[in-house]
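Visitor: Before we begin, I would like to ask how the words used for a structure are earned. Could you show me the structure and take me through it?

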Amino acid sequence: MWGQLPYIAKLEKAGIPTVIIDLEDQHEMVKQEALAAGVPQVRYLPASRTLPGPEDVDNWIEDALEALVRPLTKKEKESGMYTPSQERVLFEGTLEEAEEFYQQTRHVPPPLDAPIAIYTDGYPIVVPTEERVREMLKGTSHKPDELITYQSDRSGRFGNVIKKGSVVRFQPRNWTATVEKVAINAVMAGCKPEHLPVVLAIAESGVGTGTTVFSNQWICVSGPIAKEIGMNSGLGMLGPGNPANSVIGRAYQLMAINLGGAIPGINRMSSIGSPINRGGLAFAECAEKLPPGWKGINEQFGFKKDESVAMVMTTEGGLNGAQFSPGGYRALQKSGHGGMARKLGVKGIPGPHNWLDWIIPDIWVGEREGPRTFIMVHEMAKHLYDIGFKSKEAVLEYIWKKSFEPLKKYRDRSWVDLTTNGWMGVERTSGKPWKELPDDYMVPVAGDEPTDNCIIVCGSDEEICFEITGGPRGMWGAAPVYSIDAWR
Amino acid sequence: MTGLHFILKNNDLRRVKMAEKGKVYKCLNPVGIQLPVKTSPLAPRLDTLDGKTIHFSITGEPDITIALDKRLKKDYPNVNWTQKKSYTPMPVYLTDEEMKTTDGVILAVCW
């Protein structure tokens, strides 16, 4: 809840009475966060998601003001220490009994109104017996009772600085975890010990989930560990079939559920959910097929080529794939034939041609403004290299410069009002307040700077490039790349 | 390994698993650790709103907060209203100095 409850708790502890107006389906989240902030009895009232504002306010304004003067109840005057019991052994029984135990559900009330698994993503899990967890822990040199901490200094959301050694708080419940807890979830996901350093690196991210929109979580592994553990960076790397990709992606979701306490309909309010999170999504970068001079994700973020990292992404929005008709892309590049060649004005001229011009600026039509992560196959990356893009940064610069649009049009988009705090801030390219800029001032749609966007080369020999909404410098400044080697 | 050997090997594994069928296992808890939380009471409530400084912390949802802002000022003219507005869910915090002169806070909308 973006710091609201810690703020309210600070005010109440300072002797300032408060009342919160929330939305009815957020009550459970308010209660959870109020407890975590140390003031479990905060007063709150629901606003409506559907009534017009004036009519809605009329229903509860008196109650809101009354909450500031109504004397405290005995319970509201209580103080103490909340110490929930946390048994290491959750269940004892046969494997069959345990399988059933871990599959138990609870009913989550409307707007969800259906059973939701308590410990799993809904699929059967590998039962985390003590023996299996012990075996899993052989995948790391870290001690089982070691708390998960940040392995390096890093930037957090909204410009916060996180120091190495700080304890990772798992979202949304702000819980902590040990190496053993991560190993338990890795067992449940079906991981092998050699996957554990990757899962621990993902754990370091705090495994955020998302709020009311189409929020996706995904992981890209870069560096030699991808080959070592058999991850798929080639054809179908986002799809089913590869054990390492599948179980590592799933481990994210199980950690979000168990270590973060994320519950759909309670504190994970993604309106329709996302199929990307069903089973989880992890894949590897195909570093050996990068064009000369193009850096892998590891090198882009200050690591060495022989170091392994996990880029852990939480993006709002969708996927937008460029579907090239069979042979259409090849016809463009080989001899300048077909629709793509006509659109680019290169009919009859042999390639290579800049296919980016075929998809830009439509990338931002009908979708969210903001940066994109481009996932492209190596052949298309090579064509860009052959045209003259000798680095990923050069491509990103090109895309970013092509993304400019008049401020008048930009204002009509959905989220900019939020990211500009109601246009009260300063526009980055001009250094001037948004409100002082003329309607025809050109602003970038693809983030504040080119490297807000990202390119990952992987996949098959067939032509495809698709864009995932969001980039690695999104999330209000959070740095999403974590060392895997630190967790070996 | 031939196909037959593969089947035999898997049958062997299956037999081992069958033999362990009745074994009781200790199964570990995957749930994260909630650190103990010191809980505090709510602040004492006000005896009256009249003459008090009440702060309205606006955090998004303008359809609700614009209407609320108008009603607060209209229906409670004896309150000294202050406000800070964010279009994001992140509230704009009161400073320590401002907290000294603030008697109560309404935060809307929490989402």
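Guide: Let us start with a single residue: leaving aside its neighbours within four places in sequence, Ala251(A) is in contact with Asn185(A), Ala186(A), Ala189(A), Cys191(A), Val199(A), Ile202(A) and Gly280(A). This is a predicted model, in which local features need pLDDT of at least 70 and side-chain atom pairs count only at pLDDT 80 or more, while totals for chains, interfaces and linings use all residues. Residues are numbered from 1 along each chain as its sequence is written, and chains are lettered from A and ligands numbered from 1 in the order in which they are written.

Visitor: What makes two residues count as in contact?

Guide: Their C-beta atoms, placed from the backbone, must lie within 7 Å. By that rule, Val179(A), Val182(A), Ala183(A) and Ala186(A) in H6(A) meet Leu196(A), Val199(A), Leu200(A) and Ala203(A) in H7(A).

Visitor: Which residues touch the most other members of the largest nonpolar core?

Guide: Among its 148 residues these are Val199(A), Ile202(A), Ile219(A), Ala251(A) and Ala310(A), and helix H9 (residues 243-258) of chain A gives the most to this core, with 9 residues. A helix here is a DSSP run (H or I, at least four residues), and a strand is a run of E of at least two, both numbered from the N terminus.

Visitor: What makes a set of residues a nonpolar core?

Guide: The members are buried Ala, Val, Leu, Ile, Met, Phe, Trp, Tyr and Cys residues joined through C-beta atoms within 7 Å, and a residue is buried if 20 or more other C-beta atoms lie within 10 Å of its own. Of the 488 residues of chain A, 46% count as buried.

Visitor: How do you know that the size of chain A agrees with a compact globule?

Guide: The rule, 2.2 Å times the number of residues to the power 0.38, is set against the radius of gyration taken over C-alpha atoms. With 488 residues it gives a value near 23 Å, and chain A has 25 Å, so the two agree.

Visitor: Why do two strands of the open sheet stand at its edges?

Guide: The sheet has 5 strands with parallel pairing, in the order S2(A)-S1(A)-S5(B)-S3(B)-S4(B). Strand S2 (44-47) of chain A and strand S4 (80-86) of chain B each have a single partner strand, so one side of each is left without a neighbour in the sheet.

Visitor: What makes S1(A) and S5(B) a pair?

Guide: Two strands pair if DSSP finds at least two bridges between them, and 5 bridges join strand S1 (residues 18-23) of chain A to strand S5 (residues 104-110) of chain B. In S5(B), Val105(B) is the bridge partner of Thr18(A).

Terms used: A residue is buried if 20 or more other C-beta atoms lie within 10 Å of its own, exposed if 12 or fewer, and partly exposed in between; C-beta atoms are placed from the backbone.
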